[in-house]
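Colleague: Could you take me through one part of this model closely, namely the helix packing in the first chain, and then place it in its surroundings? I work at the bench, so please explain the terms as you go.

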Amino acid sequence: MFDQKKFVVSHAPFLHDESRISERSYNIMLAALPAVLFGLVHYGIPALGVVSLSISSSIIWEFLMNYVTKRPKSIGDGNAALIGLLFAMLLPATSPWWLVLTGTFVSVVIGKQIFGGIGGNPFNPALIGIAILMVSWKNFFDFDDALLNYDLGFIMVYPLAALKHFGVSAVDSFTISDLLLGRQIGAIGTTFGIGIIAGGIYLIIRGFIRWEISLSFLAGVLITALIFDLYDSTRYAGPFFHLLTGYTLIGAFFLATEDSSSPVNFIPMFIYGAGGGIMTVLIRNIGAHVDGVVFAVILMNIANPLLDKIRPKAIGKGF
Amino acid sequence: MLKRSFIRLTKPRFKNELLPDTQTEPQKISTPKKVTLLLDNSFDQKEVFLLKEGDKVKTGRKLFLSKDSDTYVISTITGTVTSISPYTGDFGDTYTAISIVAGEEEEIDDEFEKYCKEPNLDVAKKFLACVPGNPPINLFSDPDKRINTIVICGVDSDLLITTRQYAVKSDIEAIKSGIHFLKKITGIDNIIMAAHRNQIQECGDTDIEIKEVNSDYPSTHPHLIMKDILGQSVPEGRSCEDVGVCFFSAEAIAAIGNAFNNGKIPVTKNLTLIKKDGSKMMVSTRIGTPISEIFDAFEVTLNEKDRIIAGGPMTGSAVFSEDYPIQPDTDAIIVQDKDSVKKVLDNPCINCGECIRICPAKVPINMLIRFLQAGQYGTAAEQYDLFSCIECGLCSFVCISRIPIFQYIRLAKYELRSD
């Protein structure tokens, strides 16, 4: 009896499609890379510093929280690094080191770990970090001020701030191709439109993000901006301007699509995405903030559990 | 074996294995030296059994432990009973294991032959409940279930297996007479055959209705055959039998047909053997053969930490010993090398939605699993459709966190039902 071979006894199913969390995290980081590299080329060493510090400090915060809460070490799944990268992409290149550290602390610890780690966070962790920084240290997010010392050979004005403060006439000089090719200033990883769109398409094709959310988010922005533009084009900028400036594209492909804080059922995904897009333009056009993506997505995160109750009836229900 | 595809715009689809046109005869194994038969009856030490160690039995002999019990097994070899012992299966199911060591010459028991001239439900119940394929004969006399439709599955219920399809291809005459006898003994005329498109021609001249089943897994699952083909849905937590439909495998029907035609109870079972390298073969062996004999015959070497699976890759069960006997419904034996055994993890759900997209029963698995992991089975059943699950295993298959979702669901159902 005892010299028998021992076999692995486990439960069905005995096959797996070999997907894993780390594969997902690293692919999303890979998709973000074109936009990040473009930012690094534009803003140089300070931007590299911000990105590196952000990623490394996120991982360290996660590791410390794992240690303090005596839970298995979860930095291997790449999610902390992903949060750090997305967070850095939303910062201006000249952010001081303490701002980055505080932001990643808020993102990883308050945004994610206190809810029980990956999968438990009700909000997108990177957005929680950015939102708290934006409210607490507003001046650092004035991109015109933050990037004062740069001259990259195109209009060195943050398009959304120009729109807010000086009206539509101030942004006439931005052409769509300029905005797509990244000839605008802004946060490190948000200015290179084509790069972000390419990354987003990659993620959709590979199935790492849910296309319903991205597309409905973009549609929400376009349609709402178009309605405003049609109503009064002297006061409100056109839909493509809103689509290609600020955090819109990164919001659609990388922020709103965060797994844990977004719905998974078909109809809720559309409502969630479209709601985020609509809120973005509403905040930009009639709200107090320059950009609306951060708060729009967080608002929709709040609505997510409720939205996800709209789901198909399971087999055998309703008798 | 089946990996996540690089491009994944739509939900992944898994095809049931179709029987190749070139399928050869199953390879027969010589009569085993020893068989173990599992009697569905818990073992009571104090009880005095009718059957004793040392009793001589013939092939086809009906073995039972006491006169009042309905459960029995059919001896599949001629020999001597060497042990009667308790056996515990999955989820604490208890059986009595009867081991028989083969004698010199095979003799066929003739008790069934006397009765088989006049086929009726009672005879079928008394002799044919454990023929290959495990026909659910006892259902017809169960007063709680009013069976009005019989579905014959010519399709296999799990991935990679072709056992039932082979029964349709090789034994269609026996299936036809099996259908004839089944109609006669049950009085049910509404018999339907479920078959894949490529099988329809093979079963064309049976006089029953043939319905095409999609080859996407899990379309061959009884609940989905009910929904897609019969247009009936089964209320959550109930079985197909509760609404009057029962399922017979093609192999079981063929066995019934053969039994009444030949006057002998079939004791040989076909099964799909899937080796470590993924190669498949059909094997024909006596019910009760320890799987080690199959491995010896086909040169499968086993190492420490390999995995042996009785049944299909999605719904089968792993066995802990090489002595595990082939059951009447063991349609496949799969051997996995220790390097291809994928471990499950205790990651939390990351809410990626893969399971939601693939679930054929539309169960909100992302929410359900959170409650199951927290042990809140009651809430899971009330609010998150636990009992709608049809147990196909796809959610665990695609889970990025590698949570054993399927096992959590089965455990929760078991716990709630045993309360």
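Modeller: Happy to; here is the helix packing, followed by the surroundings.

This is a predicted model, in which local features need pLDDT of at least 70 and side-chain atom pairs count only at pLDDT 80 or more, while totals for chains, interfaces and linings use all residues. Residues are numbered from 1 along each chain as its sequence is written, and chains are lettered from A and ligands numbered from 1 in the order in which they are written.

Let us start with helix 8 (193–206) of chain A. Helices here are DSSP runs of H or I with at least four residues, strands are runs of E with at least two, and both are numbered from the N terminus. The axis of helix 8 of chain A comes within 9 Å of that of helix 11 (residues 248–255) of chain A, and the two cross at roughly 15°. Axes are lines fitted to C-alpha atoms, for helices over the stretch in contact, and angles run from 0 to 180 degrees between N-to-C directions. The crossing angle therefore makes helix 8 of chain A roughly parallel to helix 11 of chain A (angles under 35 degrees count as roughly parallel, over 145 as roughly antiparallel, 65 to 115 as roughly perpendicular and the rest as oblique).

On the helix 8 side of chain A, the contact is made by A:Gly193, A:Ile196, A:Ile197, A:Gly199, A:Gly200 and A:Leu203; helix 11 of chain A brings A:Leu249, A:Ile250, A:Ala252 and A:Phe253. Two residues are in contact if their C-beta atoms, placed from the backbone, lie within 7 Å. By class, the residues of this contact are seven nonpolar, three polar and no charged. Ala, Val, Leu, Ile, Met, Phe, Trp, Tyr, Cys and Pro count as nonpolar, Asp, Glu, Lys and Arg as charged, and the others, Gly among them, as polar.

Another pair in this chain is helix 1 with helix 2 (residues 79–89) of chain A, which pack at an angle of about 30° with their axes 5 Å apart. That angle is why helix 1 of chain A is roughly parallel to helix 2 of chain A. Their contact holds 18 nonpolar, six polar and one charged residues.

Now for the partner chain: 40 residues of chain A are in contact with 61 residues of chain B. Helix 1 (21–68) and helix 8 of chain A each supply at least two residues of the side of chain A that touches chain B. That side has 15 nonpolar, 13 polar and 12 charged residues.
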